[in-house]
Amino acid sequence: MGVAYSVGEVDHLYTFFVQWSPEMYKKGNKKHPRPRYLIRETHANRYLVVGKNKVAVINKLLSNPSSCSANNWEIITVQEAKRRLSLSSSEDSEADDPEYQEEDGDVPLMLGDDSQLLNDHHMKRLAAHMPARTQGYPWQLVYSTAIHGSSLKTLYRNMAGLDSPVLLVIKDMHNKVFGAFSSDPFKVSKYSYGTGETFLFSFNPEFQAYRWSGENSYFVSGTVESLHIGGGGGGFGLWLDADLYRGASFSCPTFHNASLSSQEDFIVQDLEVWTVQN
């Protein structure tokens, strides 16, 4: 199964790779960037997923390659793992390793709480578009209309003191799921805030992500009356009212997006906000 650990230990594992194969990972070698790895236990179907620049590492296992534990593990790239899997016709071996069955080879989002809106398909698709700095960390539910009621003020209050990105997920009355990733937590602000990591997304019906176009920096802004994501062209990419009941989604220059819902004006059925703290 896939396991994720602290990113704080990335340098230790990279040092191990450099010592293990210096000709491949030497500085300035643009031909071979830091890869994504699977550390595979050779006598069991267990895997440690090691993402590029977001590496999970077990120091005690790898710090002493001569130890019995270290000798039980094999380090291979994800690409090599896929190649081996393609050569195998065993259905059992595929079922034993769900990591290899992920869409586009990405590990789904890890949620620390139950979600009423996100299923496995949603989490797999979203994971591929998340910034590297969020990968490998569990997401915690910070606000839910089902738990906290429908109030933008409560949403802001629950995020007071946060300094981490957030994922906004909405289901409307037509059962369409869509939302936004914001590089910064939502708050009341006179000016727009956020970075180019911010994006809109929709499962309507197929997944579509709308990234920053570079035309303006109207990422996120909020008042006590409404929350806005994207803008600059007479309409917001995503707009929510003070009661988190009515919303709207228009094409906007910030993301060059289509309307996220099946209609530009929609009614919110449920809403969740998740945050990852790294």
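A residue is called buried when its relative accessible area is under 20%, exposed when over 50%, and partly exposed in between (1.4 Å probe, protein chains only). By this criterion, buried residues make up 45% of the 278 residues in the protein. The model is a predicted one: local features need pLDDT of at least 70, side-chain atom pairs count only at pLDDT 80 or more, and totals for chains, interfaces and linings use all residues. Residues are numbered from 1 along each chain as its sequence is written, and side-chain values use heavy atoms, with hydrogens and water left out.

The protein contains nine helices and 15 strands. Both are DSSP runs numbered from the N terminus, with helices (H or I) of at least four residues and strands (E) of at least two. The protein exposes about 14,200 Å² (Shrake-Rupley method, 1.4 Å probe). Carbon and sulfur atoms supply 49% of that area. Contacts are defined by heavy atoms within 4.5 Å. Among contacts between residues at least 6 apart in sequence, 59% join residues at least 24 apart.

Strand β15 (265-276) takes part in several pairings. Two strands pair if DSSP finds at least two bridges between them. β5 (138-144) and β15 are antiparallel, with five bridges. In this pairing, Tyr 143 stands opposite Val 273. β6 (166-172) also runs antiparallel to β15, over seven bridges. Here Asp 172 has Val 268 as its bridge partner. β14 (residues 246-248) joins β15 through three bridges, again in the antiparallel sense. Ala 248 faces Asp 265 in that pair.

β14 also pairs with β13 (238-241), antiparallel and over two bridges. Leu 240 is matched there with Gly 247. The two strands form a hairpin with four residues between them. Leu 244, in the turn, has a positive phi of about 50 degrees. On β13, a further antiparallel pairing is made with β12 (226-229), through four bridges. Ile 229 has Leu 238 as its bridge partner in β13.

A nonpolar core is a set of buried Ala, Val, Leu, Ile, Met, Phe, Trp, Tyr and Cys residues joined through side-chain atoms within 4.5 Å. In soluble globular proteins, nonpolar side chains tend to be buried together. The largest such core here has 30 residues. Those with the most contacts inside it are Leu 155, Phe 186, Leu 238, Leu 271 and Val 273. At least two core residues come from each of β5, α9 (152-159), β6, β7 (177-182), β12, β13 and β15. Another core lies apart from it. That core has 20 residues, among them Leu 117, Met 123, Leu 126 and Phe 199.

Leu 271 has contacts beyond its neighbours within four places in sequence. They include Leu 117, Tyr 143, Leu 155, Leu 168, Ile 170, Leu 240 and Leu 244. Ser 144 is also in contact with Leu 271. This serine belongs to β5 and is buried, with a relative accessible area of 3%. Not counting residues up to four places away in sequence, Ser 144 touches Gly 149, Leu 271 and Glu 272.

Helix α9 has Leu 152, Thr 154, Leu 155, Tyr 156 and Met 159 as its buried residues. Ser 151 caps the N-terminal end of this helix. A side-chain oxygen of Ser 151 lies 3.3 Å from the backbone nitrogen of Lys 153. After the helix comes Gly 161, with a positive phi near 90 degrees.

The structure holds one salt bridge (a side-chain nitrogen of Lys or Arg within 4 Å of a carboxyl oxygen of Asp or Glu). Arg 133 and Glu 197 form the bridge, with their closest N and O atoms 2.7 Å apart. Arg 133 lies in the loop between α7 (120-127) and β5, and Glu 197 in the loop between β8 (189-193) and β9 (199-203), so the pair ties together parts that are 64 residues apart in sequence. Arg 133 is partly exposed, at 28% relative accessible area. Glu 197 is partly exposed too, at 26%.

Gly 136 is also found in the loop between α7 and β5. Its relative accessible area is 34%, so Gly 136 counts as partly exposed. Gly 136 and Pro 108 are 28 residues apart in sequence, and their C-alpha atoms are 9.4 Å apart in space.

Conventions
A polar contact is a pair of N or O atoms within 3.5 Å; within protein, one must be able to donate a hydrogen and the other to accept it, and residues adjacent in sequence count only if both atoms are side-chain atoms.
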